[in-house]
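User: I am new to this structure. Please show me how to read its features, one by one.

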Amino acid sequence: MENYRIFDSELEKLSHKVIQMCSQVNQQLIDVIKAIKTSDIALARTVISNDEFINNLDVKIDKLCQKIFALQQPVASDLRYIISALKINNDLERIGDHAVNVAKRIEPLQDYKQLVEEFGIDVIGEKTTILFSDVVELVKTHDLTYAVKIMNKAEAIKEECEDIASRILGEMMHQSEVVVVAANILIINNLFERITSYSTNIAESISFVVNGEIVKHKKHN
Amino acid sequence: MIVDKIYTENMFLYYSGKMALNDISIKIPEKKVTAFIGPSGCGKSTFLRSLNRMNDLIDGVKIEGNVIIDNINIYDKNIDVVNLRKKVGMVFQKSNPFAKSIYENVAYGPKINGISDKKQLEEIVENALKNAAIWDEVKDRLGDSAMGLSGGQQQRLCIARTLAVNPEIVLMDEPASALDPLSTAKIEELIVQLKENYTIVIVTHNMQQAARISDNTAFFYLGELIEYDRTKKIFTNPDKKQTEDYITGRFG
Ligand SMILES: Nc1ncnc2c1ncn2[C@@H]1O[C@H](COP(=O)(O)OP(=O)(O)OP(=O)(O)O)[C@@H](O)[C@H]1O
Ligand SMILES: [Mg+2]
C-alpha cells in the first residue's frame, strides 16, 4: 500500500537539515558553557564566528519549506511537519543567537569567576545545555517522552533562573561596586532562561507534529 | 442550527451480487458543501448516484438500508422518482449539453415540468445562468448552439440547467476534472456561492479542491466510509491512518 513519493525525498532533506541545525546549536551551547567555566576567550570567539553557519542553515531551511509549500501543497502530518520545521528552525536560530550573546559577555567576566560560581551561572548554563541535548534527541526521534521531560525540566530551570535573578538584584543593591559585573551576569542568566523557553517551544512543536494538538499555552505537569 | 438534509443508515449496494457499498451511514448537512474523496473504484460515484436513485437505471443493482432526504426514505415504493430528481439535481464530470441553443438547454427542464409561459421561462433561464455565473458570457448569444461554448462554459451551462428546475440538493461528480485552472476556479467559486441556497455534494479527485471548497469531507475506501469529519480536521489531522495515507499520497 505504501507508495514512494517524490515528496519523501524533500521531507528527508528537510528533516536532515533540521537535525543538522540542532546539532550545530547544541555544539554552540556546549562550547559556550565550557568557555564560561574555563574563561576561554578564544573559544567564546569561536562560538561567535560559528553563528554564521547556523544563520546560513536557517535560510536554507526556510527556503526549503517555502519550496515544499509551493510545490507539494502538504496536508495532514506532512503539513504539520513543515509548519513545525519552520517554527523549530526559528527557535533554533534564536537559541544560536543567544549562545552568541552569552559568548560576547564572557570576556568582561573573566576576572569575576568567583561571582559567576557564586550565583551558579555556570550550573544553570550546564542544565540548559543538558536540557537542549534532550531537544536534540526529541527532534531526531520524535519520541514524546523527551517532550514531557523537557517541559518538566524547563519549568524547574526557569524557577531557578528567577531565584538567581533576585539574588543578583539583592547583591546589586548592597554592593554598588559589582553593579556592572552583576548586570552582565543577570543578562546571561536571562539568556539561559530564554534558551530554556525556546527549548520548550520546540518540544511543543514536535508534540504538534506527532498528535496534531496544540499544547502551547497549556499548563504542563 | 445545522439541519441534516440527507442521511443514510446502514446502506449497502450490490452490482449483480457484488458489494460496492458496505454499510454507509452518513449525515449530510443542509446548505453546506460535502466532498467525497477516495481512490478510483471505491464507490464515490455509486454512492452519489444512490442519493437521487440514478442507480435504479442500472440492471442488477440491489440496495439495502435507508436513504433519507427531508425525513423521507427516497427508496419507499410510493416515491415519485421524477420529482425526486427535480429536487436532487446532478452535474456530471463530462459536461453534456444537448445539441441545441444555450437557451433551450436551460429551458428544457422547466418546460418538461410544465412551464410554458415565455416570459416566465425567460426569467428562469436568466436566473439560472446568472446563478451558474455564466450569464455575462452568454447573454448576447442565447440562440447560439451550446456546442460552441468552451469546456468550462459548457460545464457551467450544465450547472445552470440543473439549477433551472429549482433543486434543493445538487450532486456533482468531478465537475471540474476536465477543466483548466481558471475554469476550475470559476466552478469552485460558484460552488461556494451556491451553498447559500443549495446543499451540495461533490465527488472530487482533487484534494486541494476538496480542501478549498468543502465544509465536510468523507473518505471512502473499498466501498466503505472510512472517515467523515470537518474538512479542516481531515486535512490537518485525520483520525484514521488510511485517510492520512490517502490524502498525503502514500497510497491510492
Ligand atoms: N454499472 C456498474 N456495473 C457494475 N459494477 C459497477 C458499475 N458501476 C460501478 N461499478 C463498480 O462499483 C465499484 C465502485 O465504482 P464507482 O464508479 O462508484 O467508483 P468511484 O469511486 O466513483 O471511482 P472513480 O473515482 O474512478 O470514478 C467499482 O468496483 C466499479 O467497478
Ligand atoms: Mg466516479
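## Reading the model

Analyst: Start with helix α4(B), whose buried residues are B:Leu121, B:Ile124, B:Val125, B:Ala128 and B:Leu129. Buried means under 20% relative accessible area, exposed means over 50%, and partly exposed lies in between, with a 1.4 Å probe and protein chains only. Helices (H or I, at least four residues) and strands (E, at least two) are DSSP runs, numbered from the N terminus.

User: Where do the buried residues of α4(B) sit around the axis?

Analyst: They cover an arc of only 125 degrees, so they lie on the same side of α4(B). The arc is taken from the directions from the helix axis to the C-beta atoms. B:Lys119 and B:Glu123, on the other side of α4(B), are exposed. The buried residues pack against α3 (102–112), α5 (135–138) and α6 (151–164) of chain B. Contact means heavy atoms within 4.5 Å.

User: What is this model, and how are its residues and chains labelled?

Analyst: This is a predicted model: local features need pLDDT of at least 70, side-chain atom pairs count only at pLDDT 80 or more, and totals for chains, interfaces and linings use all residues. Residues are numbered from 1 along each chain as its sequence is written, chains are lettered from A and ligands numbered from 1 in the order in which they are written, and side-chain values use heavy atoms, with hydrogens and water left out.

User: How do I check the span of helix α4 of chain B?

Analyst: The expected span is 1.5 Å times one less than the number of residues. The 14 residues of α4 (residues 118–131) of chain B should span 20 Å, and the end C-alpha atoms are 20 Å apart, which agrees. After α4(B) comes B:Ala133, with a positive phi near 55 degrees.

User: Which residue in the loop between α2 (41–72) and α3 (76–104) of chain A should I look at?

Analyst: Look at A:Gln73 in that loop. A:Gln73 is not a glycine, yet its phi is positive, about 40 degrees. Its relative accessibility is 40%, so A:Gln73 counts as partly exposed. In chain B, B:Lys31 is in the loop between β2 (18–29) and β3 (33–37). B:Lys31 has a positive phi of about 55 degrees, although it is not a glycine.

User: How many aromatic pairs does the structure hold?

Analyst: Rings of Phe, Tyr and Trp (its six-membered ring) pair if their centres lie within 6.5 Å; planes under 30 degrees apart count as stacked, over 60 as edge-to-face and the rest as tilted. There are 6 aromatic pairs over all chains. The ring centres of B:Phe36 and B:Phe47 are 5.4 Å apart and the planes are at 35 degrees, so this pair is tilted. Both B:Phe36 and B:Phe47 are buried. B:Phe219 and B:Tyr246 are stacked, at 5.1 Å centre to centre and 25 degrees between the planes.

User: Which residue lies over the face of B:Phe98?

Analyst: A charge sits over a ring if NZ of Lys or CZ of Arg is within 6 Å of the ring centre and within 35 degrees of the ring normal. Over B:Phe98 lies B:Arg161, at 4.4 Å from the ring centre.

User: Which residues have the most contacts inside the largest nonpolar core?

Analyst: A nonpolar core is a set of buried Ala, Val, Leu, Ile, Met, Phe, Trp, Tyr and Cys residues joined through side-chain atoms within 4.5 Å. The largest has 67 residues, and A:Leu14, A:Ile121, A:Ile185 and A:Phe192 have the most contacts inside it. A second, separate core of 49 residues includes B:Ile134, B:Ala146, B:Ala210 and B:Phe251.
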